[in-house]
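Got the model loaded in your viewer? Keep a selection box handy, and we'll walk through it one stop at a time.

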Amino acid sequence: MHDDHDHSHDHEHGEPHAPRRDHDAGPATLYEVLERAMRELLIEKGVFTAQEIAAQIDLMDSRSPSLGAKVIAKAWTDPAFKTALLADTRGALAQLDIDIGQLAEFRVIENQPGIHNVVVCTLCSCYPKMLLGVPPAWYKSLAYRSRTVSQPRDVLAEFGLAIPLSTEVRVHDSTADLRYIVLPERPSGTDDWTAAALEQIITRDCMIGTAVPVAHQQD
Amino acid sequence: MTTAATSTPPRFAVGDAVKIDAKSAIGHCRTPWYVRGKSGVVVEIHGSFRDPVRLAYHRPGLPAQVLYKIRMRQTDLWSNYKGQAADHLDVDIYEPWLTPVRSAKRSAKTRVAAVAGVV
(Lines give C-alpha, C1' and ligand atoms only; values in the text may rest on other atoms or scores of the structure.)
Protein backbone atom coordinates (compact mmCIF):
# COMPACT_ATOMS: atom_id res chain seq x y z
CA MET A 1 0.00 0.00 0.00
CA HIS A 2 1.23 3.49 -0.82
CA ASP A 3 -0.17 5.86 1.72
CA ASP A 4 1.76 8.92 0.70
CA HIS A 5 -0.25 9.81 -2.35
CA ASP A 6 -3.59 9.14 -3.89
CA HIS A 7 -3.81 7.35 -7.23
CA SER A 8 -6.66 8.63 -9.27
CA HIS A 9 -4.89 7.80 -12.54
CA ASP A 10 -4.47 4.22 -13.63
CA HIS A 11 -1.02 3.97 -15.20
CA GLU A 12 1.82 1.91 -13.81
CA HIS A 13 4.70 3.51 -11.95
CA GLY A 14 7.54 4.55 -14.20
CA GLU A 15 5.29 4.73 -17.21
CA PRO A 16 5.24 8.21 -18.69
CA HIS A 17 1.99 10.10 -18.51
CA ALA A 18 0.03 10.08 -21.74
CA PRO A 19 -0.29 13.55 -23.21
CA ARG A 20 -3.24 15.20 -21.56
CA ARG A 21 -5.93 16.77 -23.63
CA ASP A 22 -6.79 20.10 -22.05
CA HIS A 23 -10.50 20.46 -21.57
CA ASP A 24 -10.49 23.75 -23.43
CA ALA A 25 -8.37 22.60 -26.38
CA GLY A 26 -10.29 22.56 -29.62
CA PRO A 27 -13.73 23.94 -30.36
CA ALA A 28 -16.37 23.79 -27.64
CA THR A 29 -18.97 21.06 -27.99
CA LEU A 30 -22.66 21.84 -28.28
CA TYR A 31 -23.27 21.08 -24.60
CA GLU A 32 -20.29 23.15 -23.49
CA VAL A 33 -21.70 26.11 -25.40
CA LEU A 34 -25.15 25.50 -23.95
CA GLU A 35 -23.79 25.25 -20.38
CA ARG A 36 -21.76 28.43 -20.79
CA ALA A 37 -24.71 30.36 -22.22
CA MET A 38 -27.04 29.18 -19.43
CA ARG A 39 -24.49 29.93 -16.74
CA GLU A 40 -23.74 33.41 -18.01
CA LEU A 41 -27.44 34.26 -18.36
CA LEU A 42 -28.28 33.02 -14.87
CA ILE A 43 -25.42 35.03 -13.39
CA GLU A 44 -26.49 38.10 -15.39
CA LYS A 45 -30.06 37.71 -14.17
CA GLY A 46 -28.84 37.51 -10.59
CA VAL A 47 -30.14 33.97 -9.97
CA PHE A 48 -26.73 33.10 -8.54
CA THR A 49 -23.19 34.41 -8.59
CA ALA A 50 -20.00 32.97 -10.06
CA GLN A 51 -18.70 32.70 -6.48
CA GLU A 52 -21.67 30.52 -5.54
CA ILE A 53 -20.97 28.18 -8.46
CA ALA A 54 -17.31 27.90 -7.42
CA ALA A 55 -18.36 27.22 -3.81
CA GLN A 56 -20.71 24.45 -4.97
CA ILE A 57 -17.94 22.85 -7.04
CA ASP A 58 -15.64 23.01 -3.99
CA LEU A 59 -18.33 21.37 -1.86
CA MET A 60 -18.79 18.54 -4.38
CA ASP A 61 -15.03 18.03 -4.68
CA SER A 62 -14.78 17.76 -0.89
CA ARG A 63 -16.98 14.64 -0.99
CA SER A 64 -15.36 11.32 -1.81
CA PRO A 65 -15.68 7.64 -0.87
CA SER A 66 -13.28 8.23 2.04
CA LEU A 67 -16.04 10.21 3.72
CA GLY A 68 -18.42 7.28 3.37
CA ALA A 69 -15.72 4.92 4.63
CA LYS A 70 -15.35 7.02 7.76
CA VAL A 71 -19.08 6.68 8.41
CA ILE A 72 -19.05 2.90 7.88
CA ALA A 73 -15.97 2.39 10.08
CA LYS A 74 -17.67 4.42 12.81
CA ALA A 75 -20.78 2.23 12.51
CA TRP A 76 -18.61 -0.90 12.82
CA THR A 77 -16.84 0.36 15.93
CA ASP A 78 -19.64 2.24 17.71
CA PRO A 79 -22.90 0.25 18.11
CA ALA A 80 -24.88 3.28 19.32
CA PHE A 81 -23.85 5.22 16.21
CA LYS A 82 -24.80 2.28 13.99
CA THR A 83 -28.28 2.14 15.52
CA ALA A 84 -28.67 5.88 15.00
CA LEU A 85 -27.35 5.68 11.43
CA LEU A 86 -29.89 3.03 10.46
CA ALA A 87 -32.78 4.80 12.19
CA ASP A 88 -32.08 8.43 11.22
CA THR A 89 -29.30 8.71 8.68
CA ARG A 90 -29.49 12.49 8.34
CA GLY A 91 -29.27 12.99 12.11
CA ALA A 92 -26.45 10.48 12.59
CA LEU A 93 -24.40 12.06 9.80
CA ALA A 94 -24.96 15.48 11.37
CA GLN A 95 -23.28 14.08 14.52
CA LEU A 96 -20.16 13.68 12.36
CA ASP A 97 -20.62 17.21 10.93
CA ILE A 98 -21.63 15.76 7.55
CA ASP A 99 -24.36 17.85 5.95
CA ILE A 100 -26.21 15.95 3.23
CA GLY A 101 -28.06 19.03 1.98
CA GLN A 102 -31.75 19.30 1.22
CA LEU A 103 -32.00 17.65 -2.21
CA ALA A 104 -32.69 14.14 -0.94
CA GLU A 105 -33.00 11.97 2.14
CA PHE A 106 -30.48 9.21 2.84
CA ARG A 107 -30.99 5.60 3.86
CA VAL A 108 -28.41 3.05 4.96
CA ILE A 109 -29.11 -0.59 4.13
CA GLU A 110 -27.26 -3.22 6.09
CA ASN A 111 -25.76 -6.38 4.65
CA GLN A 112 -26.46 -9.30 6.95
CA PRO A 113 -25.58 -12.97 6.96
CA GLY A 114 -27.75 -14.31 4.14
CA ILE A 115 -28.61 -10.92 2.58
CA HIS A 116 -26.44 -8.98 0.14
CA ASN A 117 -27.64 -5.52 -0.96
CA VAL A 118 -26.73 -3.66 -4.14
CA VAL A 119 -27.85 -0.20 -5.28
CA VAL A 120 -28.75 0.99 -8.76
CA CYS A 121 -30.83 3.78 -10.25
CA THR A 122 -32.58 2.62 -13.42
CA LEU A 123 -34.16 6.00 -14.14
CA CYS A 124 -31.06 8.14 -14.32
CA SER A 125 -28.15 7.80 -11.94
CA CYS A 126 -29.25 8.91 -8.48
CA TYR A 127 -26.27 8.46 -6.20
CA PRO A 128 -25.37 9.52 -2.64
CA LYS A 129 -22.98 12.23 -3.85
CA MET A 130 -22.94 14.08 -0.55
CA LEU A 131 -21.34 11.02 1.02
CA LEU A 132 -19.45 9.31 -1.82
CA GLY A 133 -18.69 12.16 -4.22
CA VAL A 134 -19.15 11.94 -7.97
CA PRO A 135 -20.36 8.49 -9.17
CA PRO A 136 -18.15 6.23 -11.30
CA ALA A 137 -18.95 6.29 -15.02
CA TRP A 138 -20.15 2.68 -15.00
CA TYR A 139 -22.82 3.48 -12.42
CA LYS A 140 -24.47 5.72 -15.02
CA SER A 141 -24.05 3.26 -17.91
CA LEU A 142 -27.11 1.77 -19.53
CA ALA A 143 -25.64 -1.71 -19.05
CA TYR A 144 -25.26 -1.40 -15.26
CA ARG A 145 -28.65 0.26 -14.86
CA SER A 146 -30.59 -2.26 -16.92
CA ARG A 147 -28.76 -5.44 -16.00
CA THR A 148 -28.44 -4.93 -12.24
CA VAL A 149 -32.20 -5.14 -11.78
CA SER A 150 -32.68 -8.17 -14.00
CA GLN A 151 -29.40 -10.15 -13.73
CA PRO A 152 -27.87 -8.95 -10.46
CA ARG A 153 -25.88 -12.11 -9.80
CA ASP A 154 -24.25 -11.96 -13.23
CA VAL A 155 -23.38 -8.29 -12.78
CA LEU A 156 -21.89 -8.91 -9.33
CA ALA A 157 -19.88 -11.85 -10.70
CA GLU A 158 -18.44 -9.51 -13.34
CA PHE A 159 -17.29 -7.27 -10.48
CA GLY A 160 -15.59 -10.36 -9.02
CA LEU A 161 -18.22 -10.90 -6.37
CA ALA A 162 -19.76 -14.38 -6.34
CA ILE A 163 -22.80 -14.40 -4.07
CA PRO A 164 -23.51 -17.89 -2.65
CA LEU A 165 -26.85 -19.35 -3.70
CA SER A 166 -27.87 -19.52 -0.04
CA THR A 167 -27.59 -15.72 0.19
CA GLU A 168 -30.44 -13.50 -1.00
CA VAL A 169 -29.47 -10.77 -3.45
CA ARG A 170 -31.52 -7.67 -2.73
CA VAL A 171 -31.42 -4.97 -5.38
CA HIS A 172 -32.45 -1.43 -4.47
CA ASP A 173 -33.69 0.66 -7.36
CA SER A 174 -33.15 4.21 -6.17
CA THR A 175 -36.11 5.69 -8.02
CA ALA A 176 -37.21 8.52 -5.74
CA ASP A 177 -35.76 11.19 -3.45
CA LEU A 178 -33.89 8.71 -1.28
CA ARG A 179 -30.21 7.95 -1.67
CA TYR A 180 -28.91 4.58 -0.53
CA ILE A 181 -25.59 3.42 0.78
CA VAL A 182 -24.79 -0.13 1.78
CA LEU A 183 -23.42 -0.87 5.24
CA PRO A 184 -21.23 -3.90 4.51
CA GLU A 185 -20.47 -6.65 7.01
CA ARG A 186 -17.25 -6.17 8.95
CA PRO A 187 -14.83 -8.91 7.87
CA SER A 188 -13.73 -11.42 10.49
CA GLY A 189 -10.21 -11.03 11.77
CA THR A 190 -10.48 -7.25 12.05
CA ASP A 191 -11.45 -7.06 15.73
CA ASP A 192 -8.22 -5.35 16.77
CA TRP A 193 -8.07 -2.99 13.78
CA THR A 194 -8.20 0.76 14.31
CA ALA A 195 -10.93 2.80 12.65
CA ALA A 196 -8.28 4.26 10.33
CA ALA A 197 -7.20 0.75 9.22
CA LEU A 198 -10.83 -0.28 8.70
CA GLU A 199 -11.47 2.78 6.51
CA GLN A 200 -8.79 1.56 4.10
CA ILE A 201 -10.76 -1.58 3.19
CA ILE A 202 -14.16 0.14 2.84
CA THR A 203 -14.08 1.03 -0.83
CA ARG A 204 -16.62 2.95 -2.88
CA ASP A 205 -17.88 -0.28 -4.44
CA CYS A 206 -18.46 -1.79 -0.98
CA MET A 207 -20.91 1.05 -0.31
CA ILE A 208 -22.66 0.60 -3.67
CA GLY A 209 -22.83 -3.14 -3.09
CA THR A 210 -20.70 -4.32 -6.01
CA ALA A 211 -17.93 -5.42 -3.63
CA VAL A 212 -17.46 -6.50 -0.04
CA PRO A 213 -14.61 -5.46 2.24
CA VAL A 214 -11.72 -7.87 2.37
CA ALA A 215 -9.38 -8.03 5.37
CA HIS A 216 -5.93 -7.71 3.78
CA GLN A 217 -2.94 -8.90 5.74
CA GLN A 218 -1.79 -6.02 7.95
CA ASP A 219 1.86 -5.00 7.61
CA MET B 1 -36.68 20.23 0.78
CA THR B 2 -37.96 17.10 -0.87
CA THR B 3 -40.18 16.18 2.03
CA ALA B 4 -43.45 17.98 2.76
CA ALA B 5 -46.47 17.34 4.94
CA THR B 6 -49.56 15.65 3.53
CA SER B 7 -53.05 16.13 4.90
CA THR B 8 -54.02 12.50 4.44
CA PRO B 9 -52.57 9.53 6.35
CA PRO B 10 -50.82 6.72 4.43
CA ARG B 11 -53.31 4.49 2.63
CA PHE B 12 -51.19 1.37 3.03
CA ALA B 13 -49.48 -0.28 5.98
CA VAL B 14 -46.27 -2.25 6.20
CA GLY B 15 -47.06 -5.80 5.09
CA ASP B 16 -49.84 -4.84 2.66
CA ALA B 17 -49.78 -6.56 -0.71
CA VAL B 18 -50.02 -3.99 -3.51
CA LYS B 19 -49.96 -3.82 -7.27
CA ILE B 20 -48.18 -1.07 -9.18
CA ASP B 21 -50.45 0.44 -11.82
CA ALA B 22 -49.72 -0.50 -15.43
CA LYS B 23 -50.58 2.97 -16.71
CA SER B 24 -48.79 5.36 -18.99
CA ALA B 25 -47.84 8.69 -17.49
CA ILE B 26 -46.53 11.87 -18.99
CA GLY B 27 -43.65 13.50 -17.21
CA HIS B 28 -41.07 12.59 -14.62
CA CYS B 29 -43.19 10.16 -12.58
CA ARG B 30 -40.23 8.10 -11.31
CA THR B 31 -42.09 4.78 -11.63
CA PRO B 32 -39.90 2.57 -13.84
CA TRP B 33 -41.66 0.68 -16.63
CA TYR B 34 -40.41 -2.76 -15.62
CA VAL B 35 -42.35 -2.73 -12.32
CA ARG B 36 -45.65 -1.49 -13.76
CA GLY B 37 -48.38 -4.10 -13.48
CA LYS B 38 -46.31 -6.11 -11.00
CA SER B 39 -47.15 -6.90 -7.38
CA GLY B 40 -45.15 -6.60 -4.21
CA VAL B 41 -45.38 -5.91 -0.51
CA VAL B 42 -45.02 -2.64 1.41
CA VAL B 43 -41.92 -3.02 3.58
CA GLU B 44 -41.43 0.60 4.63
CA ILE B 45 -43.34 3.89 4.65
CA HIS B 46 -40.74 6.52 3.84
CA GLY B 47 -42.92 9.52 4.65
CA SER B 48 -44.37 12.15 2.38
CA PHE B 49 -42.38 13.62 -0.46
CA ARG B 50 -43.05 16.28 -3.03
CA ASP B 51 -44.71 15.13 -6.25
CA PRO B 52 -41.88 14.43 -8.74
CA VAL B 53 -43.99 15.26 -11.81
CA ARG B 54 -44.79 18.76 -10.53
CA LEU B 55 -41.24 19.26 -9.26
CA ALA B 56 -39.94 18.50 -12.75
CA TYR B 57 -41.89 21.51 -14.02
CA HIS B 58 -40.43 23.70 -11.28
CA ARG B 59 -43.66 23.70 -9.31
CA PRO B 60 -43.60 23.31 -5.53
CA GLY B 61 -44.54 19.63 -5.89
CA LEU B 62 -47.71 19.88 -3.84
CA PRO B 63 -49.80 18.13 -2.76
CA ALA B 64 -47.06 15.85 -1.47
CA GLN B 65 -47.42 12.09 -1.82
CA VAL B 66 -46.67 9.24 0.54
CA LEU B 67 -43.65 7.27 -0.65
CA TYR B 68 -43.34 3.55 0.02
CA LYS B 69 -40.64 0.94 -0.30
CA ILE B 70 -42.12 -1.98 -2.22
CA ARG B 71 -40.41 -5.37 -2.15
CA MET B 72 -40.92 -7.62 -5.17
CA ARG B 73 -39.84 -11.14 -5.97
CA GLN B 74 -37.35 -11.21 -8.81
CA THR B 75 -39.11 -14.29 -10.15
CA ASP B 76 -42.34 -12.21 -10.34
CA LEU B 77 -40.55 -9.46 -12.27
CA TRP B 78 -38.71 -11.56 -14.83
CA SER B 79 -40.06 -14.83 -16.21
CA ASN B 80 -36.53 -15.97 -17.09
CA TYR B 81 -34.86 -14.86 -13.85
CA LYS B 82 -31.74 -16.93 -13.34
CA GLY B 83 -31.03 -16.26 -9.65
CA GLN B 84 -32.60 -17.68 -6.53
CA ALA B 85 -36.29 -17.66 -5.58
CA ALA B 86 -35.31 -15.70 -2.45
CA ASP B 87 -33.88 -12.80 -4.47
CA HIS B 88 -35.83 -9.54 -4.27
CA LEU B 89 -35.93 -6.05 -5.67
CA ASP B 90 -36.86 -3.03 -3.55
CA VAL B 91 -38.21 0.03 -5.30
CA ASP B 92 -39.56 3.35 -4.01
CA ILE B 93 -43.06 4.07 -5.33
CA TYR B 94 -45.44 6.99 -4.74
CA GLU B 95 -48.89 6.21 -3.37
CA PRO B 96 -51.00 7.19 -6.42
CA TRP B 97 -49.38 4.28 -8.31
CA LEU B 98 -50.45 1.63 -5.80
CA THR B 99 -53.61 -0.48 -5.72
CA PRO B 100 -54.41 -2.98 -2.96
CA VAL B 101 -54.17 -6.63 -3.91
CA ARG B 102 -57.47 -8.14 -2.85
CA SER B 103 -56.59 -11.62 -1.78
CA ALA B 104 -57.24 -11.81 1.95
CA LYS B 105 -55.60 -15.20 2.37
CA ARG B 106 -52.50 -14.41 0.39
CA SER B 107 -52.37 -10.91 1.81
CA ALA B 108 -52.38 -12.10 5.43
CA LYS B 109 -49.80 -14.73 4.69
CA THR B 110 -47.61 -12.28 2.78
CA ARG B 111 -47.96 -9.72 5.54
CA VAL B 112 -46.64 -12.09 8.20
CA ALA B 113 -43.81 -13.20 5.95
CA ALA B 114 -42.89 -9.62 5.06
CA VAL B 115 -42.75 -8.54 8.69
CA ALA B 116 -40.56 -11.56 9.40
CA GLY B 117 -38.36 -10.32 6.56
CA VAL B 118 -38.61 -13.43 4.43
CA VAL B 119 -40.70 -12.17 1.54
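Before the first click, some vocabulary: two strands pair if DSSP finds at least two bridges between them. Helices (H or I, at least four residues) and strands (E, at least two) are DSSP runs, numbered from the N terminus.

This is a predicted model, so keep in mind that local features need pLDDT of at least 70 and side-chain atom pairs count only at pLDDT 80 or more, while totals for chains, interfaces and linings use all residues. Residues are numbered from 1 along each chain as its sequence is written, and chains are lettered from A and ligands numbered from 1 in the order in which they are written.

**Stop 1: chain B as a whole**

Select chain B and colour by secondary structure. You should find 3 helices and 5 strands, arranged along the sequence as β-β-α-β-α-β-β-α. Chain B has 119 residues, and 33% of them count as buried (20 or more other C-beta atoms within 10 Å of a residue's own; exposed is 12 or fewer, partly exposed lies in between, and C-beta atoms are placed from the backbone). Now think about contacts, meaning residue pairs whose C-beta atoms, placed from the backbone, lie within 7 Å. Among the contacts in chain B with a separation of 6 or more, 63% are between residues 24 or more positions apart.

**Stop 2: strand β4 of chain B**

Next, select residues 88–94 of chain B, which form strand β4. How many of the residues of β4(B) are buried? The count is 7 of 7. Both faces are covered: H88(B), D90(B), D92(B) and Y94(B) sit on one side, with L89(B), V91(B) and I93(B) on the other.

**Stop 3: the neighbours of β4(B)**

Add residues 65–73 of chain B, strand β3, which pairs with β4(B) in the antiparallel sense over 7 bridges. To check the register, label M72(B), which stands opposite L89(B), and Y68(B), which stands opposite I93(B). β3(B) is mostly covered too, with 7 of its 9 residues buried.

Now cross over to chain A and add residues 168–173, its strand β3, joined to β4(B) by 4 bridges and running parallel. The bridge partner of R170(A) is H88(B), and that of D173(A) is V91(B).

**Stop 4: the rest of the sheet**

Keep going from β3(B) to β2(B), residues 39–49: the two strands run antiparallel and are joined by 7 bridges, with E44(B) opposite K69(B). From β2(B), step on to β1(B), residues 17–20, also antiparallel, over 3 bridges; here K19(B) has S39(B) as its bridge partner.

Zoom out and the whole thing is an open sheet of 7 strands with mixed pairing, in the order β2(A)-β3(A)-β4(B)-β3(B)-β2(B)-β1(B)-β5(B). Its edges are β2(A) (115–120) and β5(B) (98–100); each has a single partner strand, so one side of each is left without a neighbour in the sheet. On average, neighbouring strands are turned by 35 degrees against each other, direction ignored.

**Stop 5: a helix across the sheet**

Select residues 142–150 of chain A to bring up helix α7, which lies across β2 and β3 of chain A together with β4 of chain B. Helix α7(A) runs at about 150 degrees to β2(A) (axes are lines fitted to C-alpha atoms, for helices over the stretch in contact, and angles run from 0 to 180 degrees between N-to-C directions).

**Stop 6: where the chains meet**

Highlight the contacts between the chains: 20 residues of chain B touch 22 residues of chain A. On the chain B side, β2 and β4 each supply at least two residues, and β4(B) gives the most, with 5.

**Stop 7: backbone oddities in chain B**

Finish in the loops. Select R30(B), in the loop between β1 and β2 of chain B. R30(B) has a positive phi of about 70 degrees although it is not a glycine. Is R30(B) buried or exposed? It counts as buried, because it has 24 C-beta neighbours inside 10 Å.

Then jump to the loop between α1 and β3 of chain B, where H58(B) is located. Its phi is positive as well, near 60 degrees, but with 7 C-beta neighbours inside 10 Å, H58(B) counts as exposed. P63(B) is found in the loop between α1 (52–56) and β3 of chain B, and the peptide bond from L62(B) to P63(B) is cis, with omega near 0 degrees.

Conventions
Two residues are in contact if their C-beta atoms, placed from the backbone, lie within 7 Å.
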